[in-house]
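Colleague: I would like to learn how to read salt bridges and chain interfaces in a model. Could you walk me through one, step by step?

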Amino acid sequence: MNLFASESEVLAPLASGWFLEHAWLIPVVPAIAFALIILIGKRLPMKGSELGVLSMLSSLVLAAGAGYQWIQRTNSASEEQFVEPVIKSWSWWQSGGFNFGIGQHIDGLSVLVLIVVAFISTLVQIYSLEYLRGDRRYTHFFAALTLFSGGMLAMVLADNMMLFLLGWEIMGLCSFMLIGHWWEDDANSRAALKAFFTVRTGDAGLLVGIAMLYFSANDWTQEHLGVSGFSIRGISAWALSGEPNSTVITIAAVALFIACIGKSGQFPLHTWLPDAMAGPTPVSSLLHSSTMVVAGVYLVARLYPVFFVGLDILGSGGNLIMIIGAITIVISAALAFVQNDIKRVLAYSTVSQLGYMMLGLGAGAWMPAVFHIFTHAFFKACLFLGAGSISHSASHHSFDMKRDMGGLRKVMPITFVTWIISTLALCGVFPFSGFFSKDEIIDNVGHNGYTNFMIIGLVGAFMTAAYMTRATYLTFFGEPRGASAGENLHDSHADHDAHAAHDAHADHDSHEAHGPHESGLLITVPLMILSVLALGSGFLNATPFGESWERMKLWVEPRHSEFAPELHHAPFTWSKASLSLLIVFMGIAISWLISTRLFTKRDPRLVGLTQRVKILGLGHKFLVNKYYLDVLYEKVIVRSIAYPIANAAYWFNQNILDGILHGFANSTRKLSGWVYQNIDQRIVDGTVNNSATLTKSIGTATQPTQSGKVSQYGALLFSAAAIAALVLVIINT
Amino acid sequence: MFVNQFLFLAAVLFCIGVYGVVARKNAVLMLMSIELILNSVNINLLTFALRSGSTDGHVFALYIIAVAAAEVGVGLGLVLLVYRNKKTISLDDLSEMRG
Amino acid sequence: MIAQNIGFWIIAIVMIVAALRVVTTNNVVHAALWLVVVLAGAAAQYILLAAEFVAVTQVLVYIGAVMVLFLFGTMLTRARIGAESDLNNSYKKLGIPVGLVMLVAMGLALVSSFGDEKLPQTTTVVSSQEISDQIFGPYLLPFWALSFVLLAAVVGAIVLARKD
Amino acid sequence: MAKVPGLVKGLGVTLGTLFKTTVNGANTVQYPHEKETPPIRSRGVIALHQDNCTSCMLCSRSCPDWCIYIEAHKELAPPRREGGKPRQVNLLDRFDIDYALCMYCGICVEVCPFDALFWSPEYEYSEPNISDLLHDKTKLSEWMETVPEAPELEAGADKKKK
Amino acid sequence: MIAVLAEVPYWGQSLLRVLGGLVAVLLPAGTIVYVFLFKMMSFMQSRLGPMEAGPYGSMQLFAEVGKWLQKEDIVPERADTRIFKMAPIIVLVSTFLLVVVVPFGPEAWFTDFETGVFYALAVSSVSVLGILIAGWSSANKYSLLGGLRAAGQLIAYELPMVLAVMGVVIQAGTMNLQKIVVAQNTGLMFGIDAIGHPYVISQFFGFIIFMIAIQAELTQAPFDMPIAESELVSGYMTEYSGFRFLIFFIGEFATAGVFAMIASVLFLGGWGVPFTWFGWTSIDDVANWMNFVGPLIMFTKMMLLVFIIMWIRFSYPRLREDQLQRFAWKGLIPVALINIMFTAILKVVF
């Protein structure tokens, strides 16, 4: 701050306001609500859910106020001026020279994510009121959901890496609790454990990265900014100062990025995310699609200078973030084709979209990537909640598209319309929001000179359009199947996942009487709100319509300064946009044709194709087995570590130790036989007897030391210590 | 006052405590001997704190007192449990670990 | 300083006698009461060492809580009135040489290290504020750890002592 | 917390009594200075009506504490009718009640077939010396004076003669 | 100490201190016994109490003391004689140690202890030891049970007491009792300085907890399970007679007085009146006559608090042992912790 004292005196003071200054209240409200729900939730008329919803609503209001005032703040700044974030910091605790602060860091990015998180959390909580009604751990569910929001908001607001880490870990914990919400089912607790462990693997990177940044940046930040090396602002300035050793910052950036890989489900640690769909659908919608998983992306965007310098973004050739992002886009999109579970399709789609964000960040397209966080949150939450709505009201708690869905567009018109809007947004069809963000990413990647990655992005767009069309077709078109057709096969419940077994089930048995139907208002209203946003939120940064429409860029993107690297934006050209639109429409059309033929008309050329053509079959199998990554992790890595060591130890035990013993015994026996035969009997006897007596007497002599009496052991210990001490003293004097 | 007079006092208490640990077979008495040892340590800490003019020794002495309280709580819980199961708290009778 | 020295020696002798009685007496409750004397003497020594806060803590925690716990423990395990015979080990004589050797070793070390060094003369006691600044400053982490130790001890003691 | 109003009410009762006592005086009586008359039929002390006693020993035998001591001898009394045989009567030598033992159960009074024992409400007969609590027949006869006239009985009931 | 006394030689000061301590302990104790135990309790039971010895029985206490002193000092045959004789003295010593830190005026106090409250809590816990060994050494199972119950109760209620004091310490920012008095009499209450800032208002829950805790520490009804006569005869005091019983008896009321003094220091402003009444701004301005008026003010406040303690004692029936423990661990301690939390938060915020 002191660095720019002279400049800021010249410039007009930036507007601030109560909401910005007190933004730290935003996470505090849910945290208090969490404590209250845990303490008294069960005694409240609505089992504590009202506290959760209320706290989220007030957080939303606070966040919206902060957003409004932030916009005012940016408007009050001059054109090229760096808009200072609103930073407040208090000393939390200190130990041995370390000062751990607690505080807020509000800038465009955090305000954006705050609003998204608070908004989606509010809607999801309202949605959960209906979706989890009657659940056994209803109160705990809302407690965990509220704590999750508190953690995420705290992380977003964090002014230093320790607080960031705290929020990050709270989210991890809540994710674990919520995935395993119906832990009675073994699969769910396994999924929860898997998610936890996989993410923890990445978290090691976060710890390493934070520690490295602290130790290398602390001196500089203390000297120049007067803040500790945990401060996000300090680290950013340090990274851009040209001061840091390039190796250190590269390693730190890679370490941090490993954490992002874990949290945001990037290749190769993406395997937990689809499994995490075992949690209740609102959880999937909130945590595993729109908010928590973007934490990794947020970390990259937050500490962008570190990655920018450390990984040489905008330099020649690709960098780690881009490569990982690109791989993730393609492989997860491919996986989405072979899933029958609608939530898993959406999960892989999430992974793929997170890959887009990473790709954008890696290619220097900061603004489009952040904007994609914003738009993606709305349409992906809408899709997930739509899937939940289907399972809740139509498919009898099943998520299997092939068996229990189909033809639902007639019975669930609202869900259908919102789903279609969100799908189009996801595919990036003009003028839905996804177009404005995703296309921008692809465009900017190309503009910044990464043509190969742009092509991968386009391929990804094609695949996205295709698998979403497949999923939509299977769900809403064609003939109703299974539960959607009104079949209530109780024996099939056992095959379903835990959703069939959860407690709400009993309340919904009434549905069996009247088959699939539209969901209630508590479910459809959030859907409608989200779909409106999925449709319209893109216009906040609608590059095609010229500079004046790029409001988001004005508000959110940090202008080039000591705290933010200089970035360029690709000029929008309709030719490129129409190319990508064309690709998207091709994807939709091809997929629609194939889906119609395969699923409805049962075209003999397509049905069973994978069985007939060997190469396709292999590919299908490869995809169905998720590239054998789980096998790699569980069977190969774990076993290769565990088994060989165990086997080696066993072998060593069996062959070498036993061999020595046996050999020793054998040779002794032979020797004694030889001795017996060859030496005079009396001498032999004497020897044997003497040795036995000797052994026995040694045993008898040493036996008292093993008395099992504590005080005797103490006596031995102390006398040994005393003698040793005496010897030491005598030697030294 | 000499430094050594306090340190000697602590040393004497320590040795008496050691004797108690060795000589006593009643579990409660053994715990008491351990308390003697802990107190001699505290005297040392405070002496050195005064000698060096810092307050670190005081903090450690307080921590030792707190840990001793925890130790006695758990220790006596164990003694009660042993008494309930064996009807004795003589440590010599608790020699299942005898070799 | 003379008064303090006299005080020191009186208290020290009382402490040593009491400590010897702790390890030699034939009655558990008497041992506990002698231990109280030692602990109170230690508290007095702390005051001589300008550690008022620690001394008061010693009285509060040791005499007020730990010793009461000890007495509780002995009384719940049927402490008898009068002498008991089997409080000592059969090899208790072993303790005497052990203790003496340690004392000699420590004494030699102390004499050679500190000789006749004197403690600085102080008139002010260490204020509790200084100690609290230390505890809630550099030693915060141990303090937290300690709080967990205490919590664990509470839970552990309850678990151990419960009948079911 | 639901118990708090009751707790406050309890405090109110004691405080109210405190003020009431201060204003109205106590319900108790300052004994040596003022005395309350005990109700008739109070069990204060047992009185002996010697003339009625036949030394039949019923009271002594029924006493749970064995605190009644009776000694008597036989004498010849003049005949009731002229020229008759002289009667044989029992004359009391000793009739003692040990009030250090007596538990005031009143069985002796109930069991006496000749109405020789009476309850007197007199209660102030404590002694500095325990042996003085053994009341002999003179003392017991003196108590007879303090026995109040029994209230009027119902019509047709047997009247106890004094 | 008061300036005049500075001239007195050290031994004279010590003697005066001892005398002062005796007065400060025994005078309130005697007053409490007469006013509350003899008179107030009788009046609450609609009777007059002792009336014979002296006018309105005012000499009754002396008669009782005389009676106890001439009674035989019986030691049970199988008791642990030395410990049996020592136990009541430990209890009384703890009371005398307690009064040492109580300030009675701007300069009228025995020692200036920086950690005064802490010290008071520490030495008050010593009496547990006396009670416990009294119970044990009597060689009587009722005594032992009473002693164990008393020790359990005293430990259980010492925690809420310490925690309740913590709130005051946080608010005053010192553990020195004199400074706590000054802080209360110089502080402002909502910006009004008419009544100073007695912590009974801002620490109301702390005050309630402290009063309940000392009620239990003194084993007064409804917390008199340790000496429950219907099951334990008289608890740890059963075997005591003569002047040792007198020590227990006086000790109980002396401790009540001293605890009430500490409570009035902590919560009612101690010896002081709000300094603004006389235009004082700090402890240095306080007029010298407060050294003599102060003890009287203190005595008044103490009697008020003892009145509350005794009033509750005479009104409520006894709690059962398990109710008593549950009340401490599940009721008072959590509330005290919450009180500390709120006090700390408010202290930081304001």
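Modeller: Gladly. This is a predicted model, and a good place to begin is a pair in chain D: Arg94(D) and Asp96(D) make a salt bridge, with their closest N and O atoms 2.6 Å apart.

Colleague: How do I read the surroundings of that pair: is Arg94(D) buried or partly exposed?

Modeller: Look at the relative accessible area of each partner. Arg94(D) has 28%, so it counts as partly exposed. Asp96(D) has 7% and is buried, because the cut-off for buried is under 20%.

Colleague: Which other pair in chain D could I try this on, say one with Lys139(D)?

Modeller: Try Glu127(D), whose side chain meets that of Lys139(D) in a salt bridge at 3.6 Å, N to O. This pair links distant parts of the chain, 12 residues apart: Glu127(D) sits in the loop between β4 (117-120) and β5 (134-135), while Lys139(D) belongs to helix α4 (residues 137-142) of chain D. Both partners are partly exposed, Glu127(D) at 30% relative accessible area and Lys139(D) at 25%.

Colleague: Can salt bridges also share partners? Which residues are joined into one network?

Modeller: In chain A, Glu169(A), Arg200(A) and Asp203(A) are joined in this way.

Colleague: How many salt bridges does the structure hold over all chains?

Modeller: The total is 17. One of them pairs Arg302(A) with Asp107(A), with 2.4 Å between the closest N and O atoms. Arg302(A) is in helix α13 (residues 294-302) and Asp107(A) in the loop between β2 (98-106) and α5 (108-131) of chain A, so this salt bridge ties together parts 195 residues apart in sequence.

Colleague: And are Arg302(A) and Asp107(A) buried or exposed?

Modeller: Arg302(A) is buried, at 6% relative accessibility. Asp107(A) is buried as well, with a relative accessible area of 13%.

Colleague: Let us move on to interfaces. What is the usual way to state the size of one?

Modeller: People often quote the accessible area that is lost when the parts come together. For chain C and chain B, about 7,000 Å² is buried between them, and 76% of that is on carbon and sulfur atoms. You can also count residues: 83 from chain C are in contact with 66 from chain B.

Colleague: How many salt bridges cross the interface of chain C and chain B?

Modeller: The rule finds one. Its partners are Arg51(B) and Glu117(C), and the closest N and O atoms are 2.5 Å apart. There are also 14 residue pairs in polar contact between the two chains, counting pairs with both residues at pLDDT 80 or more.

Colleague: Which elements of chain C give two or more residues to the side that touches chain B?

Modeller: They are α1 (2-24), α2 (28-48), α3 (52-76), α4 (95-114), α5 (128-135) and α6 (140-161) of chain C. The largest share, 13 residues, comes from α1(C). By class, this side of chain C has 55 nonpolar, 18 polar and 10 charged residues.

Colleague: What does chain C look like by itself, in helices and strands?

Modeller: Chain C has six helices and zero strands. Of its 164 residues, 48% are buried. Contact separation is another thing to read: among contacts in chain C with a separation of 6 or more, 64% are between residues 24 or more positions apart.

Colleague: Could we finish with chain E and chain D? How many residues does each give to the contact?

Modeller: Chain E gives 14 residues and chain D gives 15. Together the two chains bury about 1,300 Å², with 67% of it on carbon and sulfur atoms. Phe43(E), Ser46(E) and Tyr316(E) supply 39% of the area that chain E buries against chain D, more than any other three residues.

Colleague: What do the polar counts say about chain E and chain D?

Modeller: Zero salt bridges are counted between chain E and chain D, alongside seven residue pairs in polar contact, both residues being at pLDDT 80 or more. On the side of chain E that touches chain D, α1 (10-44) and α12 (290-315) of chain E each supply at least two residues. The most come from α12(E), with five residues. That side of chain E divides into 10 nonpolar, two polar and two charged residues.

Key. Residues are numbered from 1 along each chain as its sequence is written. Chains are lettered from A and ligands numbered from 1 in the order in which they are written. This is a predicted model: local features need pLDDT of at least 70, side-chain atom pairs count only at pLDDT 80 or more; totals for chains, interfaces and linings use all residues. Side-chain values use heavy atoms; hydrogens and water are left out. Contact means heavy atoms within 4.5 Å. Buried area is the accessible area (1.4 Å probe) that two parts lose on being put together, summed over both. A salt bridge is a side-chain nitrogen of Lys or Arg within 4 Å of a carboxyl oxygen of Asp or Glu. A polar contact is a pair of N or O atoms within 3.5 Å; within protein, one must be able to donate a hydrogen and the other to accept it, and residues adjacent in sequence count only if both atoms are side-chain atoms. Helices (H or I, at least four residues) and strands (E, at least two) are DSSP runs, numbered from the N terminus. Ala, Val, Leu, Ile, Met, Phe, Trp, Tyr, Cys and Pro count as nonpolar, Asp, Glu, Lys and Arg as charged, and the others, Gly among them, as polar. Buried means under 20% relative accessible area, exposed over 50%, partly exposed in between (1.4 Å probe, protein chains only).
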